[in-house]
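Dear colleague,

I am passing on the structure we talked about, with the sequence alongside. Please look through both before reading on; my notes follow below.

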Amino acid sequence: MKIKCRENIKIEVHHHPHYQSLNEKLMNDFSKINFYSHEKIQTNIKGNQFCFTGDQRSLKPNGVTLIENWAKQILQAKLHVSSYFNFVTWAARLDRDQETLEHDHLYYATFSFVYFVNTPKGASPLVFSTSGRKVKAQPGKLVLFPAPLRHKVPVNKCDNRVTIASNITITEKEAA
């Protein structure tokens, strides 16, 4: 028996007040990074990506850290306890006819986010699969959501759709 549920979980959308200068700097920084193809690794992103983890952490642009800190501030304002935040962040680039397959981050994180850096005409939205909610791709938009929500990016109709995404694990700090 299959049961289909429609989540009733809050998705937050925020807009960065200085996104134009931030995104311009991010695109310049990303132009110096060698994104790798989905054909080289197993991933839901059927385009190109670059993960800022492990040995690659030193290549993370300051603008990426700024977006992480912004997401952290938003989440901290909702928490009533002192917490640790761990980010696993990557940049993704989709060109025409590329997509991100439906997936979730259930076992990897507490929250996830997508930040839109470059969204030419024809850039596909972020779609939450079970609710059907679509979030239009617009530069400077941060979409913050619980990690278990299933989501995807339909086949893209432009070149150079660029986003930053992250899995955020939140753990409570122990009292001293």
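To begin with a single residue, R150 counts as partly exposed, because its relative accessibility is 31%. Please keep in mind throughout that this is a predicted model, and that the values I quote are computed from it.

R150 forms a salt bridge with D104, and the closest N and O atoms of the two are 3.0 Å apart. D104 sits in the loop between β6 (99–103) and β7, whereas R150 belongs to the loop between β10 and β11 (151–153), so the pair ties together parts that are 46 residues apart in sequence. D104 is likewise partly exposed, because its relative accessible area is 23%. The pair also has company, since E102, D104 and R150 are linked in a network of salt bridges.

The count for the whole model comes to five salt bridges, and two others deserve a mention. In one of them E12 is joined to K78, with 3.3 Å between the closest N and O atoms; this pair links distant parts of the chain, as E12 is in strand β1 and K78 is in the loop between α2 and β5, 66 residues apart. E12 counts as buried at 13% relative accessibility, while K78, at 44%, counts as partly exposed. In the other, D29 is joined to K25, the closest N and O atoms being 3.0 Å apart, and because these residues are four apart in helix α1, about one helical turn separates them. Here D29 is buried, with a relative accessible area of 13%, and K25 is partly exposed, with 47%.

Turning to the strands, you will find an open sheet of seven, in the order β1-β10-β7-β12-β5-β4-β2, with antiparallel pairing. Its edge strands are β1 (12–15) and β2 (36–37), each of which pairs on one side only. Within the sheet, β4 (residues 48–51) and β5 (residues 83–94) pair in the antiparallel sense over four bridges, and W90 in β5 is the bridge partner of C51.

Strand β12, which spans residues 161–172, contains T171. Leaving aside residues up to four places away in sequence, T171 touches S83 and Y84; T171 and S83 are 88 residues apart in sequence, yet their C-alpha atoms are 5.5 Å apart in space. T171 counts as partly exposed, because its relative accessibility is 41%.

Two helices lie across strands of this sheet. Helix α1 (residues 19–30) lies across β5, β7 (111–118) and β12, and runs at about 90 degrees to β7. Helix α2 (residues 62–76) lies across β1, β5, β7, β10 (141–146) and β12, and its direction makes an angle of about 135 degrees with β5.

The two helices also pack against each other, at an angle of about 130 degrees and with their axes 8 Å apart, which makes α1 oblique to α2. In their contact, L22, L26 and F30 of α1 meet G63, V64, L66 and I67 of α2. Sorted by class, the contact has six nonpolar residues, one polar residue and no charged residues.

With best wishes

Technical notes
Residues numbered from 1 in each chain as written. Predicted model: local features only at pLDDT ≥ 70, side-chain atom pairs only at ≥ 80, totals over all residues. Heavy atoms only, no water. Buried < 20%, exposed > 50% of the residue type's maximum accessible area, 1.4 Å probe, protein only. Contact = heavy atoms within 4.5 Å. Pairing = 2+ DSSP bridges. Axes fitted to C-alpha atoms, helices over the stretch in contact; angles between N-to-C directions. Parallel < 35°, antiparallel > 145°, perpendicular 65-115°, else oblique. Nonpolar A, V, L, I, M, F, W, Y, C, P; charged D, E, K, R; others polar. Salt bridge = Lys/Arg side-chain N within 4 Å of Asp/Glu carboxyl O.
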